[in-house]
Amino acid sequence: MTMPLLSVQNLTKTFPIQTGLFGRPSSVVRAVDRVSLTLERAETLGVVGESGCGKTTLGRCILRLIEPTEGTILFDGVDVSTLGRLELRTLRRKMQIVFQDPFSSLNPRMTVGAAVKEGILIHQIAEGAAADRRVQSLFEEVGLNPAYVSRYPHEFSGGQRQRIGIARALSVEPTFIVCDEAVSALDVSVQAQVINLLQDLQRERGLTYLFIAHDLSVVEHIADRVAVMYLGKIVELGPAEAVYRDPIMPYTQALLSAVPIPDPTARRTRIVLQGDPPSPADPPPGCVFFSRCQHPAKDAACTQTVPPLEEKTPDHFAACIKQPSTLR
Amino acid sequence: MADLTPLLRVADLRTYFYDGDAVARAVDGVSFEIRRGETVGIVGESGSGKSVTALSLLRLIRPPGQIEPGSRIEFEGQDLLSLDADAIRAIRGQRIAMIFQEPMSALNPVLTVGDQVAEVVRVHTKLSRKEAWERAVEMLALTGIPAARERATQYPHQLSGGMRQRVMIAMALVMHPALVIADEPTTALDVTIQAQILELLHDLQEKLGMSILLITHDLGVVAEMAERVIVMYGGEVVEEASVGELFADARHPYTQGLMRAMPQLGAPHERLLTIPGVVPAPTAWPSGCRFRDRCEYAWDRCAQEHPPLYQIGTAHVSRCHLEDEPARRLTRTTPLAARTGQGTA
């Protein structure tokens with residue numbers, strides 16, 4: 001087997017929450033808690049979970065937009081976690097991000113053409129007329145009229161801005177893109193256009209995606225494998241089909257059963273979870289999902305030790321010490 | 001069972017916004033009814049006019065916007081558009097209440113949540129401070145807030161997103177209104193919390209018997225909650241049907257497009273079908289059919305003649321000339337917006 005494009009080991013990010021006397025952090029939130037994952041070339045790994053589960057922090061730590069507290073990140077054989085500023089900048093050519101709200105990531109006083117050209121110039125990929133031609137062809141590639149290069153961000157709709165964000169990410173010819181809720185703010189009809197675009201680009205350019213989203217249907221559609229996060233941890237990881245069809249973790253089962261289905265005749269068992277997730281500043285001992293878990297066999301053993309992420313069926317991992325109980 | 005006299009009757013509602021010479025016809029001739037105890041969903045994308053419709057019902061439109069003369073909103077037999085400011089204020093919160101998307105921006109950060117619910121009671125009744133507080137605590141408990149008496153003394157920032165939405169619901173329902181307008185009530189919430197809130201609305205409707213007007217962009221939420229669905233596009237109703245009929249037999253090309261564009265759990269991983277182009281600006285709706293630039297069936301009639309709402313079944317209408325010329329369903333063409341590459345979203 002070839003080496004994965006990205007290999008993350010025990011990635012942890014803690015944030016101090018209270019500053020005590022002399023500015024010392026008196027406690028910490030473990031936003032990302034010992035996460036390990038790999039990504040093969042041209043693969044899409046979906047990361048799902050509810051707000052506060054750490055999925056966005058995970059994506060940013062991998063790019064070192066947020067400095068991880070611990071752990072290693074191997075990208076294409078290079079240890080990203082120890083790189084200095086300059087080397088990191090070179091590497092950023094290969095690793096890009098597309099944000100949820102492209103509007104807030106675009107400078108309102110810069111034409112969108114200039115915004116896309118910026119990376120090309122900084123990384124000395126092309127200059128002068130050649131850079132302009134590159135911007136025009138990127139616009140065409142993402143489905144924007146190349147004549148729009150001289151317009152400003154406010155002149156575009158949400159879907160068009162997201163296309164600009166994608167063109168900007170592509171401008172430096174990355175191999176890996178973190179899509180952080182990249183289609184979440186878009187209307188259904190426009191969202192489908194952008195999802196198709198991302199898939200076309202992946203096929204044409206062999207891109208690798210870490211696709212972070214809270215919308216489970218979108219992730220099922222786009223991802224090859226899926227990681228489910230809860231309170232900073234990956235609690236289930238596996239091929240998308242296996243995770244969606246035979247979820248092992250009671251949390252994943254509840255999450256999937258909560259998605260409203262656009263079919264009024266659909267009959268199914270819904271698990272309505274009680275309460276909210278516990279505070280990440282004060283996680284419970286043992287299994288973090290224990291307080292809301294509906295597993296019939298849950299008992300005191302669950303609160304003794306943190307359940308490790310184990311391979312339950314080939315390539316399908318889950319962090320639950322009990323035998324999987326099926327819903328259907 | 002729903003009583004058959006309509007609780008709310010909206011006829012030819014037009015809400016326009018004026019900016020110099022430009023007129024944004026955000027809501028442009030909308031008519032519908034809601035019966036007692038019924039849940040009606042309004043579905044549409046941004047710019048369809050669904051939220052402005054909701055605000056118009058409560059007369060919450062401020063200049064430069066106005067509800068145009070000739071519009072009619074009848075509620076419990078009263079003409080809401082002819083009421084004076086005091087009379088409409090008495091109806092708001094008491095007979096018609098609203099639940100907003102973002103509880104954090106709709107709640108007052110410096111008042112306890114109990115006080116905020118009690119204030120609604122005090123505005124609409126002569127109850128004492130203490131009695132109003134008791135009503136508030138009762139209502140908070142009814143929305144499933146654990147230890148409601150203690151929670152009532154807390155401030156919004158001390159509660160989770162789901163709890164805040166429960167407080168919003170308590171505020172909306174404490175006067176037992178006949179109609180609740182819920183504008184994207186679960187859009188800002190996580191999916192497991194959304195499931196809790198939708199279940200709560202269901203339970204409360206059974207207990208209190210109110211009608212719900214549910215405004216959402218999520219076809220899944222509509223399928224689970226609504227009995228009847230109104231699809232809006234370009235400030236107009238383009239299709240209306242019972243929820244069963246709409247999902248089994250959507251007729252308008254826009255409704256069909258929306259359903260196909262949505263990724264669905266368990267669906268085969270085929271390329272998503274899209275609707276090309278974007279919703280046009282409300283200052284410049286196309287002539288004839290407002291969807292024609294994006295429609296794969298559009299022909300010359302669609303540019304010349306504004307389609308009426310064609311009756312399909314007893315309670316199913318669609319604003320599309322295909323109902324008059326059904327053979328046209330066999331000829332599809334590339335929509336104009338895709339052909340010109342213009343307005344790609």
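**Exercise 1.** Is the crossing of α9(A) and α8(B) left-handed or right-handed? Work out how the two helices sit against each other.

*Solution.* Keep in mind that we're looking at a predicted model.

- Start with the geometry: the axes of helix α9 (residues 250–258) of chain A and helix α8 (residues 191–208) of chain B come within 8 Å, crossing at roughly 55°.
- That angle makes α9(A) oblique to α8(B), because oblique covers what is left once under 35, 65 to 115 and over 145 degrees are taken out.
- Now the hand: α9(A) and α8(B) cross in a left-handed way.
- Next, who touches whom? From α9(A) come A254(A), L255(A) and A258(A), and they meet V191(B), T192(B), Q194(B) and A195(B) of α8(B).
- Sorted by class, the residues of this contact of α9(A) with α8(B) are five nonpolar, two polar and no charged.

**Exercise 2.** Zoom out to the whole contact between the chains, and find which element of chain A gives the most to the side that touches chain B.

*Solution.*

- Count first: 37 residues of chain A are in contact with 38 residues of chain B.
- On the chain A side, α5 (158–170), α6 (188–205), α7 (216–222) and α9 are the elements giving two or more residues.
- The top contributor is α6(A), with seven residues.
- As for chemistry, that side of chain A has 19 nonpolar, 12 polar and six charged residues.

**Exercise 3.** Which residues of helix α11 (residues 253–261) of chain B are buried, and what do they pack against?

*Solution.*

- The buried ones are P253(B), Y254(B), T255(B), G257(B), L258(B) and A261(B).
- Within chain B, the buried residues of α11(B) pack against α9 (219–225), β10 (228–233) and β11 (236–242).
- Across the chains, they also pack against α6 of chain A.

Note on methods: Residues are numbered from 1 along each chain as its sequence is written. Chains are lettered from A and ligands numbered from 1 in the order in which they are written. This is a predicted model: local features need pLDDT of at least 70, side-chain atom pairs count only at pLDDT 80 or more; totals for chains, interfaces and linings use all residues. Axes are lines fitted to C-alpha atoms, for helices over the stretch in contact, and angles run from 0 to 180 degrees between N-to-C directions. Helices (H or I, at least four residues) and strands (E, at least two) are DSSP runs, numbered from the N terminus. A crossing is left-handed if the near helix is turned anticlockwise from the far one by less than a right angle, and right-handed if clockwise. Two residues are in contact if their C-beta atoms, placed from the backbone, lie within 7 Å. Ala, Val, Leu, Ile, Met, Phe, Trp, Tyr, Cys and Pro count as nonpolar, Asp, Glu, Lys and Arg as charged, and the others, Gly among them, as polar. A residue is buried if 20 or more other C-beta atoms lie within 10 Å of its own, exposed if 12 or fewer, and partly exposed in between; C-beta atoms are placed from the backbone.
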